[in-house]
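Dear colleague,

I am passing on the structure we spoke about, and below it you will find my notes on how some of its parts are arranged. Please read them with the coordinates open beside you.

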Amino acid sequence: MSITTAEPRALISSFPIRFALAVGLLTLSAKITIPFYPVPMTMQVAAVLLIAGLGGLRFGAASIIGYLVAGASGMPVFAGTPEKGIGIAYMVGPTGGYLFGFLLAASLVGWVVDRFGSKSAPLVMTAGLVLIYAAGLIWLAQFVPTDKLLEFGLAPFLLGDVMKVALAAILTLIAPVTLKRWIKG
């Protein structure tokens, strides 16, 4: 489908498709684990940052909200679900802060990329990762002793997440303009 001003209905009607694809990508990124030391990793951080980097603030934030609503409603979209619980109970568990951090990161990345373009992706995605960790660690502090917080909530994930930031930034930078326009609507 080519994107022109003569096709506004096609763009509007494609929102449910784009939205479903984004929520599906987030779900898939949570379900596929990659063997990594010291813990297996998912690709959620990369998916969150990529969706916001390609789709901007409105689409990025809406996609993360859709993902969170799907999870809150009991759909097993999060990492470790349904084995580790589902719905609101999962969201208020130890990883709940990271889920909220996804929304903060997507909002920041989307806003900056909308305002300053894709070239800002590497820097703002790094800042987005900091927001994810900040929200996650603040929440995790309710469940883990303070002296173990960084050991359990940051250290095992940092190297992998830095690689995911790099991947999302590179994909955002090299994505064709027509793809970015289609995703943004």
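In this predicted model, helices H2 and H3 cross in a left-handed sense. H2 covers residues 15-31, and its axis lies 10 Å from that of H3, with an angle of about 140 degrees between the two, which means that H2 is oblique to H3. On the H2 side the contact is formed by Phe15, Arg18, Phe19, Ala22, Val23, Leu25, Leu26, Thr27, Ser29 and Ala30, and these meet residues of H3 that include Gln44, Ile51, Phe59, Ile64 and Tyr67. Sorted by class, the residues of this contact are 14 nonpolar, 5 polar and 1 charged.

Beyond H3, which spans 44-72, a loop leads to helix H4 (87-91), and Pro82 is placed in that loop. The peptide bond that joins Thr81 to Pro82 is cis, with omega at about 5 degrees, and you may wish to set this beside the general rule that most peptide bonds are trans.

A second helix pair is formed by H6 (residues 121-140) and H8 (residues 155-174), whose axes come within 9 Å and cross at roughly 145 degrees; here the crossing is right-handed. H6 contributes Ala121, Pro122, Met125, Thr126, Leu129 and Tyr133 to the contact, while the residues from H8 include Phe157, Asp161, Val165, Ala169 and Leu173. In this contact 12 residues are nonpolar, 2 are polar and 1 is charged.

With kind regards

Technical notes: Residues numbered from 1 in each chain as written. Predicted model: local features only at pLDDT ≥ 70, side-chain atom pairs only at ≥ 80, totals over all residues. Heavy atoms only, no water. Axes fitted to C-alpha atoms, helices over the stretch in contact; angles between N-to-C directions. Helix = DSSP H or I, 4+ residues; strand = E, 2+ residues; numbered from the N terminus. Left-handed = near helix turned anticlockwise from the far one by under 90°. Contact = heavy atoms within 4.5 Å. Nonpolar A, V, L, I, M, F, W, Y, C, P; charged D, E, K, R; others polar. Parallel < 35°, antiparallel > 145°, perpendicular 65-115°, else oblique.
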